[in-house]
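I have a fresh page and a structure to poke around in. Time to jot down what I look up, one entry at a time.

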Amino acid sequence: MNPGYELPVDDVSYNFAFLDEFAKREIRRNILKAISIPGYQTPYASREMPMGRGFGTGGLQLTLSLLGAGDTLKVIDQGADDSVNAVNLRQFVELTCPGANTTERAAEANIIQSRHRIPEDRLTADQILVLQVPTPDPLTIVEPSEARRKIMHGEGDYAPLLTKLYEDIVQFDEIAISNRYPTRLNGHYVIDSSPIPRFDVPKMHQSAALILLGAGRERKIYAVPPFTDAVPLAFEDVAFRTEAFLDSTGNRRRCDRCNSVTSYLDEIIHPDGSRHWQCSDTGYCSERCAQLKGAACEEARS
Ligand SMILES: [Zn+2]
């Protein structure tokens, strides 16, 4: 037996927030560096987590290094609080962070961890949004060498990326990127905006909340600091546009539950073939339903 091996003091001797204090300090130092250089992909020593890479380990490590007793966390996946990924991450935090609270209301949370969406509610300066990122570098599609990509980022050389967008226009008459839209921060670094839809990209521009993006597998952290310019790449004559959700008559579709005409909608096809649209952000939708006294919402759902 290894003489250096020590048994845990007791059965529940996990450190607060699972990570050891040194790991959390290192992540926080790298968060500060990422905030200081908006959009710069800061390398960090991504730890092994008790879940598969690709399940949000990068975002989770950011959240765990920031969370303290008394903080309130909301976890969402594709806009929903009750999807498998969100439920498991929330339970993990509840298990390892005694004293920290969890909520499904965006307004109550001071840290929001999300995958694939930015909440519909406008975030405030008191909140931090943590986004999970699979591929942090937008230049991966045009340059396989990381060493070369670093030089391109440093020089602000995004010509190959713009050429890629131009090829889309030639082929499809528009830029056909549905998510991970390349976005320029503060006039220099272009970031992968994570797998959020184009609809959410403008929410990064001059956001009051700090936005942190973490890629566990790729070991990178980058940030959109509060009140930073975040401009999606486009051309003078081909503007960036978001999903419009128009029906065949050109009108904006409504959420079937809460009647919202401003939210990002999920299309749901029922077994009878009929198509319905509902808010992707379930917390936002439910709160609007509560304001409508529930009756209209329950009818629409049934
Ligand atoms: Zn709704």
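**Entry 1: a strand pair**

In which sense do strand β8 and strand β9 pair, and over how many bridges? Before answering, I note that this is a predicted model. I looked up the pair: β8 (residues 210–215) and β9 (residues 220–224) run antiparallel, with five bridges between them. One spot I checked is G214, which sits opposite I221 in β9. A reminder to myself: strands in a sheet pair through backbone hydrogen bonds, either parallel or antiparallel.

**Entry 2: the sheet around it**

Next I zoomed out. β8 and β9 belong to an open sheet of seven strands, in the order β1-β9-β8-β5-β4-β2-β3, and the pairing is mixed. At the edges I found β1 (42–43) and β3 (101–102), each pairing on one side only. Helix α3 (residues 84–96) packs on this sheet and touches β2 (72–77), β3, β4 (111–115) and β5 (128–132). The direction of α3 makes about 155° with that of β2.

**Entry 3: the other sheet**

I also found an open sheet of three strands, ordered β7-β6-β10, with antiparallel pairing. β7 and β10 are at its edges with a single partner strand each, so one side of each has no neighbour in the sheet. On average, neighbouring strands here are turned by 40° against each other, direction ignored. I followed β6 (residues 182–185) along β7 and got three bridges in the antiparallel sense. P182 stands opposite D192 in β7.

**Entry 4: the cores**

Which residues have the most contacts inside the largest nonpolar core? I wrote down I112, L129, L131, M204, I211, L213 and V224, in a core of 33 residues. The elements giving two or more residues to this core are β5, α5 (159–172), β7 (190–192), β8 and β9. I picked L129 for a closer look: its contacts further off in sequence than four places include I112, I118, L123 and I211. There is also a second, separate core of 26 residues, with A17, L67, V93 and V130 among its members. My textbook point for this page: in soluble globular proteins, nonpolar side chains tend to be buried together.

**Entry 5: the zinc ion**

What holds the zinc ion? I found four cysteine sulfurs, the SG atoms of C255, C258, C279 and C285, at 2.2 to 2.3 Å. Along the chain the donors follow the spacing C-x2-C-x20-C-x5-C. C255 lies in the loop between β10 (230–232) and β11 (265–269), while C279 is in strand β12 (residues 275–279), so this pair, 24 residues apart, links distant parts of the chain. Both C255 and C279 are buried. Why do I call the arrangement tetrahedral? Because the angles between the four donor atoms run from 105 to 116°, and the test asks for all angles between 85 and 135 degrees. The ideal value for four tetrahedral donors is 109.5 degrees.

**Entry 6: loops**

Two residues caught my eye for their backbone angles. Q206, in the loop between β7 and β8, has a positive phi of about 55° although it is not a glycine. R219, in the loop between β8 and β9, also isn't glycine and has a positive phi, near 60°. Are they buried or exposed? Q206 is partly exposed at 31% relative accessible area, and R219 counts as partly exposed at 38%.

Last, I looked up F240, in the loop between β10 and β11. Among the residues F240 touches are Y181, R198 and P232.

Notes:
Residues are numbered from 1 along each chain as its sequence is written. This is a predicted model: local features need pLDDT of at least 70, side-chain atom pairs count only at pLDDT 80 or more; totals for chains, interfaces and linings use all residues. Side-chain values use heavy atoms; hydrogens and water are left out. Donors are N, O and S atoms within 2.8 Å of the metal (3.2 Å for Na, K and Ca); water is not among the atoms, so sites may look incomplete. Four donors count as tetrahedral if all angles lie between 85 and 135 degrees; four count as square planar and six as octahedral if opposite donors are over 155 degrees apart and all others between 65 and 115; anything else is irregular. Helices (H or I, at least four residues) and strands (E, at least two) are DSSP runs, numbered from the N terminus. Buried means under 20% relative accessible area, exposed over 50%, partly exposed in between (1.4 Å probe, protein chains only). Two strands pair if DSSP finds at least two bridges between them. Contact means heavy atoms within 4.5 Å. Axes are lines fitted to C-alpha atoms, for helices over the stretch in contact, and angles run from 0 to 180 degrees between N-to-C directions. A nonpolar core is a set of buried Ala, Val, Leu, Ile, Met, Phe, Trp, Tyr and Cys residues joined through side-chain atoms within 4.5 Å.
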